[in-house]
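Work through the exercises below with the coordinates open. Each task is followed by a stepwise solution.

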Amino acid sequence: MIDSVELLAWYEHAQRDLPWRRPGVSAWQILVSEFMLQQTPVARVEPIWLAWVARWPTPSATAGASAADVLRAWGKLGYPRRAKRLHECATVIAAEHDDVVPDDVDTLLSLPGVGAYTARAVACFAYRHRVPVVDTNVRRVVARTVHGREDAGSPSARDLDDVAALLPDGPQAPVFSVALMELGATVCTARAPRCGVCPLSRCTWRSRGFPAGTGPPRRTQRYAGTDRQVRGRLLDVLRDNTFPVSRAELDLAWTTDTAQRDRALDSLLVDGLVEQTADGRFALAGEGD
Ligand code: SF4
């Protein structure tokens, strides 16, 4: 079980000072942080987010930037389709929502790039709504404390119900949600839960003696040598050039496997992150806008 008093008291003193949690941060800026934090660690997001919101503090400011500038500012956060979707999201909010991020989950879900997690995170963290927010960390904490299992298994519709049932009533609900995520990120981690400093006194997995998980062994995600790395190398070249570059220049970015390089470049063109000019050179999408 999760005792909200224990969790909230712990969060009060243990929370990390993250810039998007500080007073005065707008709903748009929180939404930007959620886009960036998908699959990317806090330490890498922090400097990029700070520069981003200083440069483009509102949806309309972001929408007014070129797609190429947005991709350039995204830097090496990875998964650059997120940058493109964020730009599209800003454009829709500026044009159709008076430059104000919607506060209800259903409208948020209609925005480009906003999925089930991000919609609820924005409704909860920006607008203090009492909605369950479920990410990987939360699923793991609930699996251990409530269900007595090491791992959460595959995501299911039940995850939302599980977390909704735990939320306290009243204004503490959004703080409870962020505290649960924080516990999963910093204490009840996947590989090395720090039960000795955990604030939760009633954890079913611990009281059962930490039975081993039954799921498949965790795999470490490889990056070196993957198409993702090749795509990143190609984008690095284009980010460093404000003018289109020739195919020969681009080819130098990855000489190990030419078929893989061609595949990566094709996928960047298909994703709309890179454009080919009339004379056959390559540039970031929207470079000439
Ligand atoms: S006691 Fe250990 S396993 Fe249980 S929630 Fe705390 S850190 Fe996680």
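**Exercise 1. The enclosed space**

Task: State which element gives the largest share of the lining of the largest cavity, then describe that cavity.

Solution.
Step 1. Helix α9 contributes the largest share of this lining, with 3 residues. Keep in mind that the model is predicted.
Step 2. Look for other contributors. The elements that give two or more residues to the lining are α9 (136-145) and α12 (204-207).
Step 3. List the lining. There are 14 residues around the largest cavity, and C188, P193, C195, C198 and C203 lie nearest its centre.
Step 4. Sort the lining by class. It has 10 nonpolar, 1 polar and 3 charged residues.
Step 5. Add the volume. The largest cavity holds about 110 Å³ of space.
Step 6. Check the search result. Over the whole structure, 1 cavity of 30 Å³ or more is found.

**Exercise 2. An open site**

Task: Find the volume of the second largest pocket and the residues closest to its centre.

Solution.
Step 1. The second largest pocket has a volume of about 320 Å³.
Step 2. Its lining counts 17 residues, and G78, Y79, Y223, R228 and G232 are the closest to the centre.
Step 3. Assign the lining to elements. Helix α13 gives the most, with 8 residues.
Step 4. Split by class. The lining of this pocket has 5 nonpolar, 4 polar and 8 charged residues.

**Exercise 3. The packing of α13 with α15**

Task: Is α13 roughly parallel or roughly perpendicular to α15?

Solution.
Step 1. Take the geometry. Helix α13 (residues 227-239) packs against helix α15 (residues 258-270) at an angle of about 70 degrees, and their axes are 9 Å apart.
Step 2. Apply the cut-off. Angles of 65 to 115 degrees count as roughly perpendicular, so α13 is roughly perpendicular to α15.
Step 3. Give the hand. The crossing of these two helices is right-handed.
Step 4. Name the contact residues. From α13 come D227, V230, R231, L234 and L235. They meet Q260, R261, R263, A264, L265, S267 and L268 of α15.
Step 5. Classify them. The contact of α13 with α15 has 6 nonpolar, 2 polar and 4 charged residues.

**Exercise 4. Two partners of α3**

Task: Describe how α3 packs with α2 and with α5.

Solution.
Step 1. Start with α2. The axes of helix α2 (residues 27-37) and helix α3 (residues 42-55) come within 10 Å and cross at roughly 145 degrees. The crossing is right-handed.
Step 2. Read off this contact. On the α2 side are Q29, V32, S33, M36 and L37. On the α3 side are V42, V45, I48, W49, W52 and V53.
Step 3. Classify it. The α2 contact with α3 comprises 9 nonpolar, 2 polar and no charged residues.
Step 4. Turn to α5. Helix α3 and helix α5 (residues 67-74) pack at about 150 degrees, with axes 10 Å apart. Angles over 145 degrees count as roughly antiparallel, so α3 is roughly antiparallel to α5.
Step 5. Read off the second contact. I48, W52 and R55 of α3 meet D69, V70, A73 and W74 of α5. These residues divide into 5 nonpolar, no polar and 2 charged.
Step 6. Put the two contacts together. I48 and W52 of α3 take part in the contact with α2 and in the contact with α5.

Definitions and conventions: Residues are numbered from 1 along each chain as its sequence is written. This is a predicted model: local features need pLDDT of at least 70, side-chain atom pairs count only at pLDDT 80 or more; totals for chains, interfaces and linings use all residues. Side-chain values use heavy atoms; hydrogens and water are left out. Axes are lines fitted to C-alpha atoms, for helices over the stretch in contact, and angles run from 0 to 180 degrees between N-to-C directions. Helices (H or I, at least four residues) and strands (E, at least two) are DSSP runs, numbered from the N terminus. Angles under 35 degrees count as roughly parallel, over 145 as roughly antiparallel, 65 to 115 as roughly perpendicular and the rest as oblique. A crossing is left-handed if the near helix is turned anticlockwise from the far one by less than a right angle, and right-handed if clockwise. Contact means heavy atoms within 4.5 Å. Ala, Val, Leu, Ile, Met, Phe, Trp, Tyr, Cys and Pro count as nonpolar, Asp, Glu, Lys and Arg as charged, and the others, Gly among them, as polar. On a 1 Å grid over the protein atoms alone, a cavity is a set of points where a 1.4 Å probe fits but cannot get out, and a pocket is an open set with protein on both sides within 12 Å along at least five of seven lines; lining residues have an atom within 4 Å of a point. Grid points are joined across faces, edges and corners, and a volume is the space filled by probe spheres set on the points.
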